[in-house]
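Biologist: I'm new to looking at models like this one, and I'd love a close look at a single part. Could you take me through one pocket and then its surroundings?

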Amino acid sequence: MKELLEYIVSLSSQKIEIVVDESKVRPVDTPYICADNSKIKDYFCKTDIKDTIKEMYEYYKKS
């Protein structure tokens, strides 16, 4: 998740500082979840997540 956030920040020309408010992080939150994506893997592996994020960023930047 952190890697994707850093990628999104890198798309912007603005200086953005990432700050985590520890008081809003619940101690019972699962820090890592791993799921079986074998059924949808073939469908989604045609598009890289970073390409999708970049397209969304460019779309909202124009709006």
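How much space lies in the second largest pocket?

Modeller: Happy to help! This is a predicted model, where local features need pLDDT of at least 70, side-chain atom pairs count only at pLDDT 80 or more, and totals for chains, interfaces and linings use all residues. Residues are numbered from 1 along each chain as its sequence is written, and side-chain values use heavy atoms, leaving out hydrogens and water.

Your pocket holds about 160 Å³ of space. (A pocket is an open set of points on a 1 Å grid where a 1.4 Å probe fits, with protein on both sides within 12 Å along at least five of seven lines; lining residues have an atom within 4 Å of a point.) Its lining is made by Met 1, Leu 4 and Ile 49.

Met 1 also helps to line the largest pocket, together with Lys 2, Leu 5, Ile 18, Val 19 and Val 20. That largest pocket has about 220 Å³ of space, and its lining counts 5 nonpolar residues, no polar ones and 1 charged one.

Now look at helix H1, residues 2–11 (helices are DSSP runs of at least four residues). Tyr 7, Val 9 and Leu 11 of H1 are buried (under 20% relative accessible area; over 50% is exposed, and in between is partly exposed). The buried residues of H1 pack against helix H3, which spans 49–62 (contact means heavy atoms within 4.5 Å).

Follow the chain onward and you meet Ser 12, in the loop between H1 and helix H2 (41–44). Ser 12 counts as buried because its relative accessible area is 18%. The Ser 12 side chain reaches the backbone nitrogen of Gln 14 at 3.0 Å. Ile 16 sits in the loop between H1 and H2 too, and its 40% relative accessibility makes it partly exposed. Ile 16 is 10 residues from Glu 6 in sequence, and their C-alpha atoms are 9.7 Å apart.

To finish, searching the whole structure turns up 1 aromatic pair (ring centres within 6.5 Å). Its partners are Tyr 59 and Tyr 60, 5.0 Å centre to centre with 85° between the planes, so they are edge-to-face (planes over 60 degrees apart). Tyr 59 is exposed at 53% relative accessible area, and Tyr 60 counts as exposed at 57%.

Definitions and conventions: Helix = DSSP H or I, 4+ residues; strand = E, 2+ residues; numbered from the N terminus. Buried < 20%, exposed > 50% of the residue type's maximum accessible area, 1.4 Å probe, protein only. Polar contact = N/O pair within 3.5 Å; in protein donor to acceptor, adjacent residues only side chain to side chain. Phe/Tyr/Trp six-rings, centres within 6.5 Å; stacked < 30°, edge-to-face > 60°. Points joined across faces, edges and corners; volume = space filled by probe spheres on them. Nonpolar A, V, L, I, M, F, W, Y, C, P; charged D, E, K, R; others polar.
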